[in-house]
Amino acid sequence: MSLLGKRTGEMHLALTADAEGPDFVPEPFSLLYQRSVYQSMRNLTMRVTQLLRSNMKKLPEDIRGDAADILSYEQEIMKVFQKIFQKKISSMKTRFHGDYHLGQALFTGNDFIIIDFEGEPDRTISERRHKRSPVRDIAGMIRSFHYAIFNALLKHASVRPEDIAVLEPWTELWYCYVSGIFLESYMKTAENAVFMPGEREETGILLEVFLLEKAVYELGYELNNRPDWLVIPIRGIKQILRKT
């Protein structure tokens, strides 16, 4: 995980190395841009919560209570997203991976090769060309850690249902520990880069809002594609909102 954090930072540095090519020149954040990011997050949340409401009766009975909790947290989710425009972010928008998760990092045995730079398949080509904060990639990878450990806990045939409550605290510990190692290594590699905010508080804001945005997006994705996986983004949203 330390090596993956380092390689991720090096990837972002490489994507800002061309100081003259217009497609790669970093662009500053503006308050107008920050507000547009919030509006996008707000629209996403409204779409996903509406989809969740309309599908409540179709959900597995064992997660309906948790799904109802998410609906009751809608305003709290919005309050977290509002942080993105309440303070001017001293950072730059750059090229970034755009669809970064464990499946895009191939382990050779002693190193990582990062693949698939086409961005999120659900976005249009014009959207994928937009420069954004590379912290989005960090959030995507950290959410991927969450998926990896909870998939092992909840979907692995060798785990008995009665053992889940005993094992779950250990999965949370693993997730937090691995995420911390990855993030620490990334920060050491990219701490002076133009795309990193000048203040730790700003970095925390970006990471929190992008993690929550990713989890809300995942909730909508699983509703449309894998309803039996809904528990993973639901747990993610609750953790980010400190409801667990």
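This passage describes aromatic pairs, a buried lysine, one helix and the nonpolar core in a predicted model.

Aromatic rings were examined first. A search of the whole structure finds five aromatic pairs. One of them joins Phe-107 and Phe-112. A pair of aromatic rings is described by the distance of the centres and the angle of the planes. For Phe-107 and Phe-112, the centres are 5.0 Å apart and the planes meet at 45 degrees, so the pair is tilted. The two residues fall into separate accessibility classes. Phe-107 has 53% relative accessibility and therefore counts as exposed. Phe-112 has 16%, so this residue counts as buried.

Rings also lie beneath charges in this model. The charged end of Arg-35 sits over the ring of Phe-85, at 4.1 Å from the ring centre. Likewise, the charged end of Lys-93 sits over the ring of Tyr-33, at 4.0 Å from its centre.

Both Tyr-33 and Lys-93 are in contact with another lysine, Lys-131. Lys-131 is placed in the loop between helix H5 (125-128) and helix H6 (135-155). Its relative accessibility is 8%; buried means under 20%, so Lys-131 counts as buried. What does the side chain of Lys-131 reach at 2.6 Å? The partner is the backbone oxygen of Val-25. A polar atom of the Lys-131 side chain also lies 3.0 Å from the backbone oxygen of Pro-22. With neighbours within four places in sequence left aside, Lys-131 is in contact with a number of residues, including Asp-23, Phe-24 and Glu-27. Thr-94 and Arg-95 are also among its contacts.

Helix H6 follows this loop. The helix has 21 residues, and at 1.5 Å a residue it should span 30 Å. Its end C-alpha atoms are 29 Å apart, which agrees with that expectation. H6 is mostly covered, with 16 of its 21 residues buried.

The nonpolar core was considered last. In soluble globular proteins, nonpolar side chains tend to be buried together. Here, the largest nonpolar core holds 65 residues. Which of these residues touch the most other members? They are Leu-52, Leu-212, Leu-219 and Ile-237. Helix H8 (residues 200-225) gives the most to this core, with 11 residues.

Leu-52 shows some of the contacts in detail. Beyond its neighbours within four places in sequence, Leu-52 is in contact with Leu-59, Ala-67, Ile-70 and Leu-71. Leu-219 and Leu-223 are also in contact with Leu-52.

Definitions and conventions:
Residues are numbered from 1 along each chain as its sequence is written. This is a predicted model: local features need pLDDT of at least 70, side-chain atom pairs count only at pLDDT 80 or more; totals for chains, interfaces and linings use all residues. Side-chain values use heavy atoms; hydrogens and water are left out. Rings of Phe, Tyr and Trp (its six-membered ring) pair if their centres lie within 6.5 Å; planes under 30 degrees apart count as stacked, over 60 as edge-to-face and the rest as tilted. Buried means under 20% relative accessible area, exposed over 50%, partly exposed in between (1.4 Å probe, protein chains only). A charge sits over a ring if NZ of Lys or CZ of Arg is within 6 Å of the ring centre and within 35 degrees of the ring normal. Helices (H or I, at least four residues) and strands (E, at least two) are DSSP runs, numbered from the N terminus. A polar contact is a pair of N or O atoms within 3.5 Å; within protein, one must be able to donate a hydrogen and the other to accept it, and residues adjacent in sequence count only if both atoms are side-chain atoms. Contact means heavy atoms within 4.5 Å. The expected span of a helix is 1.5 Å times one less than its number of residues. A nonpolar core is a set of buried Ala, Val, Leu, Ile, Met, Phe, Trp, Tyr and Cys residues joined through side-chain atoms within 4.5 Å.
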